[in-house]
Amino acid sequence: MSNIMAAIGRVKYARAEELVAKRQLLARRYVEILDRNDKARPFFNGFYDQSSSHISCFLSAHTTKGKLRDALKLQVIETGIHCNPNHSLSFCKQANRTPFPFWEKVLPNLLALPIHNDLELIGVDFVINTLNKPKRKIR
């Protein structure tokens, strides 16, 4: 780690409580609204009050996550694809580990929505409103 990165970390650590509270606020907003949504729903519902997660994972009802991500990107909404579980990594495959059917089913529709500290509640609302557009408009 460079001295510059260490200095940034020290400043952020001094603001840790504030930054964690902001992420939890944003995550709660996603959960409150998307929990009753038919296009995306929270994946870790109820977990956010105890976490400072930098991503907010949701299950997309769209069968083509790539097209949904492209549509969101056109609206300048960055999304992510959650990392693959350990059992799908080459080391585990070589060790003949047992696959996990649950993850195989969930991963194609798992989408990470923005939850960084520069985001405001109005930004979360914009993401949600974009997700709520009719399929014909975002596909």
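Is D125 buried, partly exposed or exposed, and why does it count that way? I would like to open with that small question, and the answer is that D125 counts as partly exposed because its relative accessible area is 23%. Please keep in mind throughout that what we are looking at is a predicted model.

Let me first go over the chain as a whole. It has seven helices and three strands, and if you read along the sequence these elements follow the pattern α-α-β-β-α-α-α-β-α-α. Of its 139 residues, 35% count as buried, and the chain exposes about 9400 Å², with carbon and sulfur atoms supplying 56% of that area. Taking the contacts between residues at least 6 apart in sequence, 67% of them join residues at least 24 apart.

Now to the interior. In soluble globular proteins, nonpolar side chains tend to be buried together. In this chain the largest nonpolar core has 17 residues, and those with the most contacts inside it are Y30, L34, L72, L113, V124, V127 and L131. The elements that give two or more residues to this core are helix α2, at 16–34, helix α3, at 65–74, strand β3, at 110–114, and helix α6, at 121–131. There is also a second, separate core of six residues, and F43, C57, L59 and L107 are among them.

Let me return to D125, which forms a salt bridge with R29, the closest N and O atoms being 2.8 Å apart. This pair links distant parts of the chain, since D125 sits in helix α6 and R29 in helix α2, 96 residues apart. R29, for its part, is partly exposed as well, at 24% relative accessibility.

The count of salt bridges comes to three, so let me take the other two in turn. Side chains of opposite charge can pair when their charged atoms come close. E120 and K22 meet through their side chains in a salt bridge of 3.3 Å, N to O. Because E120 lies in the loop between β3 and α6 while K22 lies in helix α2, this pair ties together parts that are 98 residues apart in sequence. E120 is partly exposed, at 46% relative accessibility, whereas K22 is buried, with a relative accessible area of 19%, the cut-off for buried being under 20%.

K22 has further partners: leaving aside residues up to four places away in sequence, K22 touches N117, L119 and E120, and a polar atom of the K22 side chain lies 2.9 Å from the backbone oxygen of L119.

The remaining salt bridge joins the side chains of E18 and R15, at 3.0 Å, N to O. Here E18 is partly exposed, with a relative accessible area of 48%, and R15 is also partly exposed, with a relative accessible area of 37%.

I will finish with two places on the outside. M1, I4, M5 and I8 form a nonpolar patch on the surface, and together they have about 500 Å² of accessible area. Within that patch, M1 belongs to the segment before helix α1, which spans 3–14, and M1 counts as exposed because its relative accessibility is 86%.

The other place is V76, in the loop between α3 and α4, the latter at 90–94. V76 has a positive phi of about 60° although it is not a glycine, and with a relative accessible area of 71% V76 is exposed.

Definitions and conventions:
Residues numbered from 1 in each chain as written. Predicted model: local features only at pLDDT ≥ 70, side-chain atom pairs only at ≥ 80, totals over all residues. Heavy atoms only, no water. Patch = residues over 30% accessible without salt bridge, like charges linked within 9 Å, V, L, I, M, F, W, Y side chains within 5 Å. Areas by Shrake-Rupley, 256 points an atom, 1.4 Å probe, with all protein chains shown as cover. Salt bridge = Lys/Arg side-chain N within 4 Å of Asp/Glu carboxyl O. Helix = DSSP H or I, 4+ residues; strand = E, 2+ residues; numbered from the N terminus. Buried < 20%, exposed > 50% of the residue type's maximum accessible area, 1.4 Å probe, protein only. Contact = heavy atoms within 4.5 Å. Core = buried A, V, L, I, M, F, W, Y, C linked by side-chain atoms within 4.5 Å. Polar contact = N/O pair within 3.5 Å; in protein donor to acceptor, adjacent residues only side chain to side chain.
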